[in-house]
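Open the model in your viewer and keep the sequence panel beside it. The stops below say what to select and what is there.

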Amino acid sequence: MKKYLLGVDIGTTTSKGVLISVERDTVASFSIEHGVSRPHPGWSEHDAEKVWWQDFVVVCRKLLEKSGIEAEQILAVGCSTLFPVILPVDKGGNPLRNAILYEDVRSFKEIEILKKSIGDEYSAETSGNRFTIQTLAPKILWLKNNEPEVFSRTAMFHNAGSYLVYKLTGRNVIDHGSASQGGLPYNTNTLGWDPVSCREIGIQTSQLPDLLWGNEVAGHITNAAAQETGLAEGTPVAAGSGDFFSEMLGMGALKKGRAVITYGSTFGLGVCTDKHSRHSDLVKTGFCVKDVYLIGGGMASGSTIVKWFRENFGRTESGSEENTGISAYELLNEGARKIEPGCEGLVALPYFNGERCPVQDPLAKGVIFGLTLRHTRHHVYRALLESIGFGIRHIIDKLKEANVRIDEVRSVGGGAQSILWTQILSDITGLEQGVLKHSHGAPYGAAFLAGLSIDAFPEKEGSIDREWNNVQRVVTPDGSSSDIYQKNYEIYLSLYQKTSQEMHRIGAGIG
């Protein structure tokens, strides 16, 4: 019987799955969308059962149905998930509240508390990163300070990946990469949980999952999980990893000097290296496999801003989509394509949900600057696309400061299918991009981790690059717009510096 590997990715707004053969042929794929709960300004939550687990169950059953294969033919399962997030569960493994997501800014007061008690320097030296809205320690401290009943009943703090592994196997396991991305209480020097920061936030290291590498077997599918998912009892489950790491792995990012840009709900750029590079404004973490490191940055918003614009100002295009079948985004892009680069003096800051690297400000706000009566909504739409390009260039400039070399760039994600957006980004950064044929890199990476966990591939990590990564098109920078983009980029950087104090005054009531 032919053998297969299953990879499932649970993202911020979409869950995807892929079923591949051990020869790397795609047998079936499936995706579904879900929402994000935002009960207060700056808050972002997921219901772990209704979103993470139920999506996983639906994806598994749909893949089995579409492929027509038997569950026993699946050799191993791998998961990739949004991260870093925090989910408190009780002794029975039941969620005590919704999970708090990476982009959630409610813990900004706790960040300041920990900066004073532990210090940013300790955080940087221990976890490789300063305190940010993504750091897990402040989120746990927020629970202690604001929901003491939940905090006192918490037996284990899961992330999305470790919760899925628990639901599948009954084991509490998290991969080093995901743990590292969450900063403290993970210690990059010892590759374990840091007792100092744990004491400071009032938890025991035993309340955190066991640590494995993403390509190690975490456990095997239980009878209960088999009944729900349709998978076979006893199937090995890899520890898996975060979606960005899995997507990078799925794009062959293990090659030194290769940068990966993900055009997703949030945008990110990362470069894999063979040493633990450091820069105070960038994210530095381990990877999903041993002895590989990642440095780069992530933006708190990306395609979510485009979706926001479509829902609020693109009703004409949305109506046309229903009548013509042409995507509202394609119609908006067509309008923006007619606008000259630089949007006739319009510059936007994409900090609609705070900002991660390199700004690292949970209270940052979106700005649309330079509006005149001449500007149309298509000017605004293009300015938002350009603002994401400026954010990626900001990350690239910080990588240069850290002496991290970028030899080539690969891009993937739903937004990477936009010819306009990828061209804007190349023109702003001056980098050529190879846009990959497949945009579902994270589930592919999860499936590959599953295969590695059981030694299904004789060629190990390197084979993923040769077999799965076909560049669909190459985006070459057009130098004709470099001067206007340089000018607007300088304004982009200056705008935050000149408005951040007022942003903080507006955002002081959040939480």
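Begin by selecting proline 185, which sits in the loop between helix H7 (176-181) and strand E10 (186-187). The model is a predicted one. Show the backbone from leucine 184 to proline 185: this peptide bond is cis, with omega near 20 degrees. Most peptide bonds are trans.

A second cis bond is found at another loop. Select phenylalanine 83 and proline 84, which are joined by a cis peptide bond with omega of about -5 degrees. Proline 84 belongs to the loop between strand E5 (74-81) and strand E6 (87-89).

**Positive phi angles**

Go back to E10 and follow the chain into the loop that leads to strand E11 (192-193); leucine 191 is in this loop. Its phi is near 55 degrees, which is positive although the residue is not a glycine. Most residues other than glycine have a negative phi. Is leucine 191 buried or partly exposed? Leucine 191 counts as partly exposed because its relative accessibility is 40%, and the partly exposed class runs between 20% and 50%.

Now select glutamine 360, in the loop between strand E20 (347-349) and strand E21 (367-369). Here too phi is positive in a residue other than glycine, near 55 degrees. Glutamine 360 has a relative accessibility of 15%, so it counts as buried; the cut-off for buried is under 20%.

**Helix H2 and what covers it**

Select helix H2, residues 108-117, and show the side chains of Phe108, Glu110, Ile111 and Leu114, which are buried. Their arc around the axis is only 150 degrees, so the four lie on the same side of H2. An α-helix has 3.6 residues a turn, so residues three or four places apart point the same way.

What should be switched on to see what covers the buried residues of H2? The cover includes helix H4 (136-146), helix H8 (195-201) and helix H18 (482-507). Just after H2, select glycine 119, where phi is positive at about 100 degrees.

**Two buried residues and their contacts**

From H8, move along the chain to glutamine 207, in the loop between H8 and strand E12 (210-212). Its relative accessibility of 15% is why it counts as buried. Leaving out neighbours within four places in sequence, the contacts of glutamine 207 are Thr154, Ala155, Met156 and Phe157.

Next, select aspartate 55 in helix H1 (residues 48-67). Aspartate 55 counts as buried because its relative accessibility is 8%. Which residues does aspartate 55 touch, not counting those up to four places away in sequence? They are Ile10, Ser15, Ile32, His34 and Lys50. For a distance across the model, add threonine 235: its C-alpha atom and that of aspartate 55 are separated by 19 Å, with the two positions 180 residues apart along the chain.

**Pocket and cavities**

Turn to the second largest pocket, with a volume of about 380 Å³. To find it, select Arg38, Thr304, Ile305, Lys307 and Trp308, the closest to its centre of the 15 residues that line it. By class, the lining has five nonpolar, six polar and four charged residues.

How many cavities of 30 Å³ or more does the structure hold? There are four. The largest cavity has about 90 Å³ of space. Select Asn129, Arg130, Thr132, Gln134 and Val283 to centre the view on it; these lie nearest its centre among the 14 lining residues. The lining of the largest cavity consists of three nonpolar, nine polar and two charged residues.

**The whole chain**

Last, clear the selections and show the full cartoon. The protein chain has 18 helices and 24 strands. Its C-alpha trace spans about 65 × 55 × 45 Å along the principal axes. The radius of gyration is 22 Å, which agrees with the value near 24 Å for a compact globule of 511 residues.

Colour by accessibility next: of the 511 residues in the protein chain, 61% are buried. Then display contacts between residues at least 6 apart in sequence; 73% of these join residues at least 24 apart.

How values were computed
Residues are numbered from 1 along each chain as its sequence is written. This is a predicted model: local features need pLDDT of at least 70, side-chain atom pairs count only at pLDDT 80 or more; totals for chains, interfaces and linings use all residues. Side-chain values use heavy atoms; hydrogens and water are left out. On a 1 Å grid over the protein atoms alone, a cavity is a set of points where a 1.4 Å probe fits but cannot get out, and a pocket is an open set with protein on both sides within 12 Å along at least five of seven lines; lining residues have an atom within 4 Å of a point. Grid points are joined across faces, edges and corners, and a volume is the space filled by probe spheres set on the points. Ala, Val, Leu, Ile, Met, Phe, Trp, Tyr, Cys and Pro count as nonpolar, Asp, Glu, Lys and Arg as charged, and the others, Gly among them, as polar. Buried means under 20% relative accessible area, exposed over 50%, partly exposed in between (1.4 Å probe, protein chains only). Helices (H or I, at least four residues) and strands (E, at least two) are DSSP runs, numbered from the N terminus. The arc is that of the directions from the helix axis to the C-beta atoms. Contact means heavy atoms within 4.5 Å. The radius of gyration is taken over C-alpha atoms; the globule rule is 2.2 Å times the number of residues to the power 0.38.
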